[in-house]
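Here is a short report on one protein model. It covers charges, salt bridges, overall build and a few single residues.

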Amino acid sequence: MPVQTHHAAGTSAWYDLTTGKPEESKRFYSDLFGWTFEDQGPEFGHYHMVRQSGHPVAGFMPKAPEMAQMPSAWTIYYASDDAQADAQRIRELGGQILAEPMQVGPLGHMLVASDPTGAVFGLWQPLAFQGSELENEHGSMTWQEVNTRDADRARDFYTQLFGATSEPMPGDMTYHILKQGNDNVGGIMQMDEEHWPASVPPHWMPYFDVNDLQRAVQVAGEGGGSVRVPPFDTPYGQMAVLADPDGAVFSVVQVDRS
């Protein structure tokens with residue numbers, strides 16, 4: 001498996017989960033992906049490094065008491081060369097800073113923001129820690145997209161923030177693909193009233209690679225999770241949308257590599 005040692009600015013670098021059910025969630029993801037968890041200690045708020053085959057692939061954090069009423073959720077972080085400058089750019093482009101740029105020990109700088117349509121995301125400026133070392137391997141990140149009520153506005157925001165380009169995906173739905181050069185680095189999907197209840201806010205969706213999607217769906221159900229969207233076929237492979245025991249939603253995909 002190729003190990004990632006660098007994530008260029010404007011590409012996905014890290015996923016992490018904030019959960020109100022840490023022990024149940026650890027069992028769930030361990031059974032689902034084979035993950036192991038390393039508590040980084042009280043100085044980091046008991047943030048856990050999640051490893052797959054010994055490599056860091058995600059983060060895991062129990063909710064602080066003041067966050068108890070907030071829903072559990074995955075956050076997607078894009079790499080940044082300058083978190084302070086990008087924070088200013090986010091404001092200028094109509095977004096909001098939810099957590100100001102901060103240094104995380106010797107590891108790097110992070111911020112959390114929302115785009116002009118309300119979807120939450122993060123930026124990571126690395127120092128000693130680059131981010132996920134695996135991509136497109138079982139239990140690691142393989143794709144990410146923002147689901148939003150205003151795809152065109154989100155496209156304009158992210159292309160300008162990341163210095164990216166976009167192209168529409170063929171088909172009936174509105175879907176923009178974010179690109180860095182020739183590389184696809186994310187998607188922007190228009191949420192319609194038919195498939196998305198008004199109660200569902202704009203959000204970023206992480207996709208994890210799995211070797212066997214049908215087994216993943218079964219294990220998720222047996223482990224206290226739920227299936228939000230049953231398996232369906234796409235030109236890129238078979239996908240499903242799942243939720244963990246505390247309701248955090250994510251997608252799994254068995255990529256067709258033939």
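The protein carries 14 positive and 34 negative charges, and the mean positions of the two sets are 3 Å apart. The model is predicted.

**Salt bridges**

Side chains of opposite charge can pair when their charged atoms come close. The structure holds five salt bridges. One of them joins the side chains of E38 and R51. This pair links distant parts of the chain: E38 belongs to strand β2 (residues 36-39), R51 to strand β3 (residues 48-52), and 13 residues separate them. R91 and E100 also meet through their side chains in a salt bridge. A further bridge connects R155 with D156.

The table gives the N to O distances for these pairs.

| Salt bridge | N to O distance |
|---|---|
| E38 and R51 | 2.9 Å |
| R91 and E100 | 2.6 Å |
| R155 and D156 | 3.2 Å |

R155 and D156 do not stand alone: together with D152 they are linked in a network of salt bridges.

How buried or exposed are the partners in these pairs? Start with E38. Its relative accessibility is 35%, so E38 counts as partly exposed. R51 has 22% and is likewise partly exposed, because buried means under 20%. R91 is partly exposed, with a relative accessible area of 37%. For E100 the value is 44%, which again means partly exposed. R155 is partly exposed at 23%. D156 reaches 35% relative accessibility and counts as partly exposed.

**Overall build**

How many helices and strands does the protein have? There are four helices and 16 strands. The radius of gyration is 17 Å, close to the 18 Å that the globule rule gives for 258 residues, so the protein is as compact as a globular protein of that length. Taken along the principal axes, the C-alpha atoms fill a box of roughly 45 × 45 × 40 Å.

Of the 258 residues, 50% count as buried. The exposed surface of the protein comes to about 12200 Å². Carbon and sulfur atoms supply 50% of that area.

Contacts across the sequence can be put in one figure. Among contacts with a separation of 6 or more, 59% are between residues 24 or more positions apart.

**K21 and its surroundings**

Where does K21 lie? K21 sits in the loop between β1 (12-19) and α1 (22-33). With 32% relative accessibility, K21 counts as partly exposed. Which residues does K21 touch, leaving out those up to four places away in sequence? The answer is P245 and D246.

K21 and T11 are 10 residues apart in sequence. In space, their C-alpha atoms are 30 Å apart.

**H6**

H6 is found in the segment before β1. H6 has a relative accessible area of 51% and is exposed, because the cut-off for exposed is over 50%. P245, a residue that K21 touches, is 239 residues from H6 in sequence. From C-alpha to C-alpha, H6 and P245 are 32 Å apart.

Note on methods
Residues numbered from 1 in each chain as written. Predicted model: local features only at pLDDT ≥ 70, side-chain atom pairs only at ≥ 80, totals over all residues. Heavy atoms only, no water. Helix = DSSP H or I, 4+ residues; strand = E, 2+ residues; numbered from the N terminus. Rg over C-alpha atoms; globule rule 2.2 N^0.38 Å. Buried < 20%, exposed > 50% of the residue type's maximum accessible area, 1.4 Å probe, protein only. Contact = heavy atoms within 4.5 Å. Areas by Shrake-Rupley, 256 points an atom, 1.4 Å probe, with all protein chains shown as cover. Lys, Arg positive; Asp, Glu negative; His and termini not counted. Charge placed at Lys NZ, Arg CZ, Asp CG, Glu CD. Salt bridge = Lys/Arg side-chain N within 4 Å of Asp/Glu carboxyl O.
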